[in-house]
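I opened this notebook page to record what I looked up in one protein model. The entries follow the order in which I consulted it.

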Amino acid sequence: MTTLANYRDHLAEMRKLNSAASLLGWDQQTHMPPKAAPHRAQVIGKLSRMVFELSISDQLGGFLADLRKDGGLSPLEKASVRKVGKDYDRNRAVPPEFVEQFQIAQSEAQAAWIAARKANDFASFQPHLEKIVEFARRLAEYYGYEDHPYDALLEDYEPGMTCKQLRAIIEPLKCDLVPFLRDLATHGTPPDKSVVHGSFDPDALRRLSRRALELIQYDFEAGALDDVAHPFTATIGPGDVRITNRYPTDSFMPSLLGALHEGGHALYNQGFPEELYMLGLAGGSSNGIHESQSRMIENQIGRSRAFWQFFQPVLAEHFPQYGSGSPEALYRAVNVVEPSLIRVEADEVTYNLHIMLRFEIEAGLIDGSIAVADLPALWNQAMSDYLGIVPPNDAQGVLQDVHWSMGYIGYFPSYMLGNLYAAQMLPKIRKALPTLDADIRRGDMKPLLGWLRENVHRHGATYQPNELIERITGHPLDPAHFVRYVKEKYSDIYGL
Ligand code: ZN
């Protein structure tokens, strides 16, 4: 057998074990009886360890060394060697004892975070977070970096992105968004949001989510929709990309927009050609590009005027009280802009501000310019500067996100980058599909999906995010597109 064939076999072993672990993980969150939890954790742990061992095996190292010298590889095979090789190098750089200790610290920090948030007691979480930060700093040293240690951590979520680039994106964005938010608040006329609230039957909400997923062309023959407490999308393997959702009954918005968001992630993963799975390239270019797909469907489509012109009668089929309402009132109601304390509830205009303050804190923690003990005060000051509100307590402030307790430092910027990537793609899409709005008004999402398949989905992780956005739009990421998009949309809605 050739090295390439052996390499593919090796990837196949990893892929099959990963599929089994993903399926068990999905089941753990959706259908598993509670008493099965301890055993299930062991089974998933065992499978994950087997995958990890394969990912750092000497055998794989040998294949990669040969293939890196092989001039006859196809572009896809080269991309595979680049990606699998990078993961191999990074995983090999970290001592196994460190990985184990970090995992223990994460488990302890998560338990401490849950208790601290409940008791609104940052001091009890502080020593755990100090430990996590210390581990993250050591991890950055193991991985290595050129400029800033944060770059080494970012690489896990947004390959190729640096702290310096992020600062260059964030500074102008902040200078545009903060005054615009003030303008909306002082000179704008806010929409009436009462129309989206009421009392909603969860079964009808579930049917509405299904209908919305059919509309965006989610393939139910290659997926499923199940109930869960915290929605996510699970990719089990080719032909199996599952969505989960939740159904609060006081508004149709969280479940509908949640379905569209997860649906956007799922369309991406349903769009990977099988060959990408074979080469370890199925999985998206980066977290940011993945978020661009979910946020585009949720916000730029699901919160658009054209969408509501089509969807108001659909909503009325499930909830007759909307039979007499106007699509315009619904469009305006789903686009209320309000500074809020909680990131996950933030609207399109304020969302990125929540990310900026997290990024600034993370970068400072990693380079040592910020101490964990100072976080509550720094957090509240940044909330006041950017959003004009101050959390009444740390539970609704610095303790609100699970990420840091899980050791995820460098993750938050992906959410913001997703908004920016999506906004940069949209003008290209409009140019290629001049009838986009008319198509959406008729409920025809096929042209949009066709464009996304061709330009984004089919490439999987073949290109790094900076390469992909440049391929699609002709230039590097530029936050000006996002600023233009929100200013146009919200000036119109708020009558500025
Ligand atoms: Zn998402």
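The entries below concern a metal site, the nonpolar cores and one threonine, all in a predicted model.

**Entry 1: zinc site.** I looked up which protein atoms serve as donors to the zinc ion. They are NE2 of His 261, NE2 of His 265 and OE of Glu 291, and they lie 2.0 to 2.1 Å from the ion. I noted the sequence spacing of these donor residues as H-x3-H-x25-E. His 265 belongs to helix H10 (residues 253–270) and Glu 291 to helix H12 (residues 287–301), so this pair ties together parts that are 26 residues apart in sequence. I found both His 265 and Glu 291 to be buried.

**Entry 2: nonpolar cores.** I next asked which residues have the most contacts inside the largest nonpolar core. They are Phe 252, Trp 308, Phe 311, Met 416 and Ile 429, in a core of 141 residues. Domain 1 (3–144) and domain 2 (163–494) both contribute residues, and therefore this core lies between them. I also recorded a second, separate core of 12 residues, which includes Tyr 7, Met 14, Leu 64 and Leu 67. Returning to Ile 429, I listed its contacts beyond four places in sequence: Met 296, Leu 436, Leu 448, Trp 451 and Leu 452.

**Entry 3: Thr 30.** I located Thr 30 in helix H1 (residues 3–30). Is Thr 30 buried or exposed? Its relative accessibility is 18%, and buried means under 20%, so Thr 30 counts as buried. A polar atom of its side chain lies 2.8 Å from the backbone oxygen of Trp 26. Beyond four places in sequence, Thr 30 touches Asp 226, Asp 227, Val 228 and Thr 244.

Notes. Residues numbered from 1 in each chain as written. Predicted model: local features only at pLDDT ≥ 70, side-chain atom pairs only at ≥ 80, totals over all residues. Heavy atoms only, no water. Helix = DSSP H or I, 4+ residues; strand = E, 2+ residues; numbered from the N terminus. Buried < 20%, exposed > 50% of the residue type's maximum accessible area, 1.4 Å probe, protein only. Polar contact = N/O pair within 3.5 Å; in protein donor to acceptor, adjacent residues only side chain to side chain. Contact = heavy atoms within 4.5 Å. Core = buried A, V, L, I, M, F, W, Y, C linked by side-chain atoms within 4.5 Å. Domains from an automatic or database assignment. Donors = N, O, S within 2.8 Å, 3.2 Å for Na, K, Ca; no water.
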